[in-house]
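Trainee: Got a minute to go through this one with me? I'd like to start with a single contact and work outwards.

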Amino acid sequence: MDLNNLVAEATKEWKELIKGDTPAVFVGNATCGRSAGSMDVIEAFQQEIEKQHIECNVVEVGCIGLCYLEPLVMVYKPGAPLVCYRNIGTKEATALVDSHLIKDTINQERLIGVISDTPQAALPELKDIPVMKPQVRLVLQNCGHIDPNNLNHYIANKGYSGVAKMLTLQPEDVIERIKESGLRGRGGAGFPTWRKWQFCRDAKGTSKYLICNADEGDPGAFMNRSLLEGDPHSLLEGMIIAAYAIGASTGYIYCRAEYPLALVRLRLAIQQAEEQKLLGDDILGSGFNFHIKIKEGAGAFVCGEETALIASIEGSRGMPRPRPPFPAIAGLWGKPTIINNVETLASVARIMQNDPAWFSQYGTEMSKGTKTFALVGKVQNTGLIEVPLGISLKEIIFDIGGGVPNNKKFKAVQTGGPSGGCIPAHLLDIAMDYDSLAQAGTIMGSGGLVVMDEDTCMVDVARYFLDFAQKESCGECAPCRLGTKQMLDILEDITSGKGTIEDIELLESMGDGIKKGSLCGLGQTAPNPVLTTLRYFRNEYEDHIINKKCTAKVCRDLKYYDILPDKCTGCHICFKACPTNAISGTAKQLHQIDQSLCIKCGMCLDKCPVKFNAIECYAGNKI
Amino acid sequence: MCECLETIFKKFKGKEEELIPLLQSVQEEAGFLSESAMRDIAKFLRIPQSKVHGVATFYAQFRFKPKGRKHIMLCRGTACHVKGAPRILEEIENHLEIKEGETSADLEHSIESVACIGACSLAPCITVNNKVHADLTPQKIEALFNKRMN
Ligand SMILES: Cc1cc2nc3c(=O)[nH]c(=O)nc-3n(C[C@H](O)[C@H](O)[C@H](O)COP(=O)(O)O)c2cc1C
Ligand code: FES
């Protein structure tokens with residue numbers, strides 16, 4: 001079957017669903033939705049629809065990125081705009097069937113916005129609400145709107161038209177288009193995608209490989225997961241185009257095992273694409289062959305590094321090797337290999353479905369297009385966003401993110417995971433592009449943005465990342481293996497009040513040495529979180545070392561708990577909760593904490609009833 | 001060699017590159033990698049046992065002791081960390097009276113940590129037998145475990 005027939009059939013099915021005579025509910029059912037209970041919501045809809053004897057499609061979709069409002073539901077009634085609701089549990093779902101599907105009344109309290117062809121004054125458009133307004137969703141255009149298990153939904157939304165266009169072009173012309181678009185790698189380093197492809201295209205040899213890096217190892221980042229769960233065919237389409245450009249006939253998706261749902265959806269997508277001859281031998285009758293295999297990662301951060309990833313696919317320990325030779329010349333099984341990130345490849349699909357200028361109209365001179373970010377931590381509106389590159393950090397955190405919750409003060413944002421750094425409040429106007437971030441001492445990375453407030457201790461954050469890097473170091477080269485351990489020991493001393501002022505300098509010189517001396521990207525970037533916090537938050541280090549105080553009240557040895565005499569009613573709850581019997585006092589009498597027995601677990605503070613609020617945590621140590 | 005291993009081996013070609021998927025399949029079936037299973041895998045792929053051991057111990061996913069019937073994975077990712085994951089771990093450890101990395105003597109519970117579950121927007125979170133529990137507080141942990149974690 002050729003693509004035109006598929007498109008006609010798919011468009012019919014899609015139009016039926018979103019513009020037809022049957023009502024429909026769309027439930028966000030990615031990992032984030034599921035953790036908020038979307039599976040039960042789907043069941044509740046189905047049961048109530050059956051009970052009420054009405055006709056209505058219940059469709060499972062990915063995540064539109066408003067994770068803080070999960071479970072998310074969209075309702076379609078013929079002739080009316082699509083209505084998007086937030087926080088729909090099973091009770092609300094049952095009620096919606098009656099109120100919206102039968103009685104046509106919109107639940108104003110749970111309304112987020114509507115999607116309509118002709119905007120109406122009465123109802124806010126989803127794209128105009130503050131979280132959505134600054135966003136430009138190119139890569140994520142389908143996420144949360146189509147059923148990821150339905151190939152037709154993808155095809156009806158321009159899906160695989162990029163492959164059809166590709167088949168009319170020579171591989172060199174495909175590379176040229178990607179060059180025109182200005183696309184740079186979204187996996188971390190931001191290397192121009194076309195140049196990498198060109199190296200591989202020019203490399204000698206007939207068998208070449210394409211690998212998609214879906215290892216997403218940065219803790220605190222889930223952009224790739226969302227895309228894989230919400231729109232897996234985008235990745236497949238991007239891979240087919242990349243393979244054609246570089247001349248590969250086999251591709252691998254290296255996906256982390258911690259993403260079980262993404263793996264299920266990918267496997268199904270591959271099977272569907274193969275059945276329709278969009279993937280496999282003789283793609284769309286063109287004679288071009290390309291096969292995709294899935295490799296599950298096994299839980300090693302370093303396997304996100306290109307050469308380690310290759311070793312892992314070959315069945316070995318994921319140890320990096322020195323470069324050159326670069327994988328584009330000698331990679332998997334010694335053959336020329338290109339490794340691209342999920343988002344890079346999905347962008348390739350969009351560029352080919354549209355055109356290079358369409359993509360490059362967004363972004364800055366050196367950083368074209370859009371970028372997805374996982375906005376998490378101490379921020380009101382957590383979720384997945386996509387913005388034009390070059391947008392200011394302030395816009396992301398305050399306009400889209402809604403600022404820091406509970407009236408706390410914004411302190412910093414961490415970008416780039418364990419390889420990146422912290423950007424302090426006074427640099428909030430920084431433009432989010434590859435070069436500005438590098439200047440500030442951090443990196444774009446894959447797109448994790450972890451927001452921190454006054455309750456976050458920056459020394460603890462540095463210690464946390466170093467602990468991560470040290471545990472994940474593969475142990476091959478000494479600077480990384482021993483250096484990160486040494487730095488971690490020093491940071492542990494500082495956070496437990498045993499640090500000396502000389503430690504600061506030592507950390508700086510060690511960090512510098514590890515960056516210069518390590519074999520792979522893991523070691524070369526592991527000191528970054530320490531170095532940037534030292535650059536912007538040196539006062540916090542000094543506070544820990546000189547005043548033995550953790551102002552954020554995070555570091556256990558540099559804070560203490562106490563009972564407020566005027567508030568304690570002697571309810572005895574903290575007495576029972578204390579695991580070390582450090583609290584004394586009889587019922588109805590003032591209680592006291594014996595600081596020498598206290599292990600500062602905070603159990604008493606958690607358990608003290610809110611109406612009393614009789615326990616306080618202080619920075620420093622009680623004298 | 002036990003029968004279950006033989007059925008698993010039938011699905012593989014016996015090439016060295018299949019080592020990791022093979023270890024994953026065996027662990028999926030048996031819950032952990034036993035000494036004898038790894039010996040059989042080495043024989044099947046015709047590679048030294050040291051290579052099997054080397055690979056299995058390199059990756060965090062593989063375990064060499066059985067896991068509990070309720071297997072808890074705690075996220076130690078950045079988002080979870082700044083939102084109080086260390087305190088959540090402590091609460092779970094106190095409740096179950098086992099530490100991270102351990103399995104209770106009655107094989108009922110086990111606790112492990114993972115780098116990131118990918119539900120960072122709903123941090124802090126854990127999974128219990130692959131089901132995600134998000135937006136946790138010490139109080140919610142108590143409720144979760146008092147319900148006997150179903
Ligand atoms: C320690 C380490 C971990 C990495 N983890 C990832 C990852 O999880 N996902 C990813 O796409 N790239 C990761 N990278 C970057 C990749 O090595 C590689 O640069 C990238 O996948 C290239 O794709 P791109 O050109 O499309 O960005 C990591 C690099 C290092 C050094
Ligand atoms: S940081 Fe915990 S799920 Fe990502």
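Mentor: Sure. Start with Glu472(A) and Arg76(B): their side chains meet in a salt bridge, 3.3 Å from N to O. Keep in mind that this is a predicted model.

Trainee: How many salt bridges are there between chain A and chain B?

Mentor: Four salt bridges.

Trainee: And residue pairs in polar contact, how many of those?

Mentor: Between chain A and chain B, 24, with both residues at pLDDT 80 or more.

Trainee: Which elements of chain A supply residues to the side that touches chain B?

Mentor: Several give at least two residues each, among them helix H2 (31-35), strand E8 (291-296), helix H12 (306-313) and helix H17 (458-472). H17(A) provides the largest share, six residues.

Trainee: What's the make-up of that side by class?

Mentor: On chain A's side there are 24 nonpolar, 14 polar and 14 charged residues.

Trainee: How many residues does each chain bring to the contact?

Mentor: Chain A brings 52 residues and chain B brings 40 residues.

Trainee: What about area? How much do chain A and chain B bury between them?

Mentor: About 3600 Å², with 55% of it on carbon and sulfur atoms.

Trainee: Which residues in chain A lose the most area to chain B?

Mentor: Ala298(A), Arg317(A) and Tyr464(A). Together they make up 16% of what chain A's side buries.

Trainee: Switching topic. How is chain B divided?

Mentor: Into domain 1 (3-58) and domain 2 (70-146).

Trainee: How far apart are the C-alpha centres of those domains of chain B?

Mentor: They lie 29 Å apart.

Key:
Residues numbered from 1 in each chain as written. Chains lettered and ligands numbered in written order. Predicted model: local features only at pLDDT ≥ 70, side-chain atom pairs only at ≥ 80, totals over all residues. Heavy atoms only, no water. Contact = heavy atoms within 4.5 Å. Buried area = accessible area lost by both parts, 1.4 Å probe. Polar contact = N/O pair within 3.5 Å; in protein donor to acceptor, adjacent residues only side chain to side chain. Helix = DSSP H or I, 4+ residues; strand = E, 2+ residues; numbered from the N terminus. Nonpolar A, V, L, I, M, F, W, Y, C, P; charged D, E, K, R; others polar. Domains from an automatic or database assignment.
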